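Me: I am new to this structure and should like to learn how its features are read. Might we take them one at a time?

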Amino acid sequence: MEPPAITIVGHLNIDINRYPNKPDEILPGGAAYFVALAASLLNSSVGVVTALGTDFPVETLGKRVRMDGAKKVDIEASKSIQTYFDVNDPGKRDLELFQGAAQLLKPEDIPAAWMHDSKWIHVATMPPAIQLPFMKFLREQNVKATVSVDTDISFMKDEANRPIIEESFKLADIVFINRYEYEILKDKLGEFPVVVVKKDADGALLFKKGIQVAEAKAPSTDCVDATGAGDIFAGTYIAEIVNGKNEEEALAKAVEQATTSVSKPGVTHLLK
């Protein structure tokens with residue numbers, strides 16, 4: 001079997017949404033899950049490299065996402081517990097993370113054929129000190145694929161993490177950041193080849209060596225749940241580029257899909 005065109009490296013977690021006065025809602029989650037789901041909606045050749053916990057519902061990714069690059073481990077998946085304090089405003093939540101299967105994923109777990117023959121390799125959001133070895137490993141292997149990386153503002157806010165994040169970014173062909181990360185890094189954009197800035201309701205921007213070359217506006221919508229929206233954006237953009245679309249077209253589609261994602265709770269509605 002040929003390697004997938006798009007390889008997503010990262011964590012598949014389980015999200016437990018706790019609402020007031022109603023039962024817990026248990027859903028698949030994790031950055032790699034959201035990116036892979038979005039990419040698979042537009043490209044039928046997507047594979048995930050992860051450490052797969054015994055309790056993760058693999059079937060939620062559908063048959064088009066290949067899991068033969070996953071390392072199965074005999075422990076449960078990591079759990080992200082999101083506590084919603086106001087049922088009328090699900091954007092207000094606390095996030096508590098538990099280490100599980102995800103911590104067992106190593107750079108050497110990436111299948112050699114996938115690493116060398118995929119068109120695109122995306123290293124999804126994970127703690128910077130864990131993410132950097134994956135980026136270094138890919139460069140040491142001289143991969144021909146486009147390599148992209150994403151991070152999270154919770155990591156960026158810690159100044160001790162910033163040199164690690166920036167080192168990962170310098171090893172990437174394309175960097176995905178959000179509007180808050182952009183404010184921190186805007187004076188350093190010229191140090192990275194391509195930066196895509198996710199600006200939520202304000203759409204997205206694309207920079208090359210610090211110069212803005214593309215912009216996409218977001219359609220108007222009410223934000224019901226922003227969970228995974230940035231990863232949905234990244235997965236959509238990646239798939240569109242691999243499908244042969246230009247950067248402007250890919251950016252517009254990514255904004256459109258991310259906007260659709262936040263219009264309803266969770267992300268599984270994108271599969272319908």
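Reply: Let us begin with a polar contact in this predicted model. A polar atom of the Gln131 side chain lies 3.0 Å from the backbone oxygen of Ala124.

Me: Where is Gln131 placed, and is Gln131 buried or exposed?

Reply: Gln131 belongs to helix H3, which covers residues 128-140. Buried means under 20% relative accessible area; Gln131 has 1% and therefore counts as buried.

Me: Which residues does Gln131 touch, leaving aside those up to four places away in sequence?

Reply: Its contacts include Val123, Ala124 and Thr125, as well as Val149, Asp150 and Ser168.

Me: How should one read a salt bridge?

Reply: Side chains of opposite charge can pair when their charged atoms come close. In this model, the count comes to 15 salt bridges. One of them joins Glu166 to Lys188, with the closest N and O atoms 3.0 Å apart. Glu166 lies in helix H5 (residues 162-170), whereas Lys188 lies in the loop between helix H6 (179-185) and E13, so the pair ties together parts that are 22 residues apart in sequence.

Me: How accessible are Glu166 and Lys188?

Reply: Glu166 is buried, at 12% relative accessible area, while Lys188 is partly exposed, at 32%.

Me: What other salt bridges may serve as examples?

Reply: Lys79 and Glu76 meet through their side chains at 3.4 Å, N to O. Lys79 has a relative accessible area of 28% and is partly exposed; Glu76, at 45%, is also partly exposed. Glu183 and Lys186 form another salt bridge, at 3.1 Å from N to O. Here Glu183 is partly exposed at 46%, and Lys186 is partly exposed at 40%. In addition, a network of salt bridges links Arg179, Asp200 and Asp202.

Me: How does one check the length of a helix, taking H8 as the case?

Reply: One compares an expected span with the distance between the end C-alpha atoms. Helix H8 has 16 residues (247-262) and, at 1.5 Å a residue, should span 22 Å; its end C-alpha atoms are 23 Å apart, which agrees.

Me: What caps the N-terminal end of H8, and what do its buried residues pack against?

Reply: Asn246 provides the cap: a side-chain oxygen of Asn246 lies 3.1 Å from the backbone nitrogen of Glu248. The buried residues of H8, among them Ala250, Leu251 and Val262, pack against strands E13 (194-198), E14 (204-208) and E15 (211-216) and against helix H7 (229-242).

Key
Residues numbered from 1 in each chain as written. Predicted model: local features only at pLDDT ≥ 70, side-chain atom pairs only at ≥ 80, totals over all residues. Heavy atoms only, no water. Helix = DSSP H or I, 4+ residues; strand = E, 2+ residues; numbered from the N terminus. Expected span 1.5 Å × (residues − 1). Buried < 20%, exposed > 50% of the residue type's maximum accessible area, 1.4 Å probe, protein only. Contact = heavy atoms within 4.5 Å. Polar contact = N/O pair within 3.5 Å; in protein donor to acceptor, adjacent residues only side chain to side chain. Salt bridge = Lys/Arg side-chain N within 4 Å of Asp/Glu carboxyl O.
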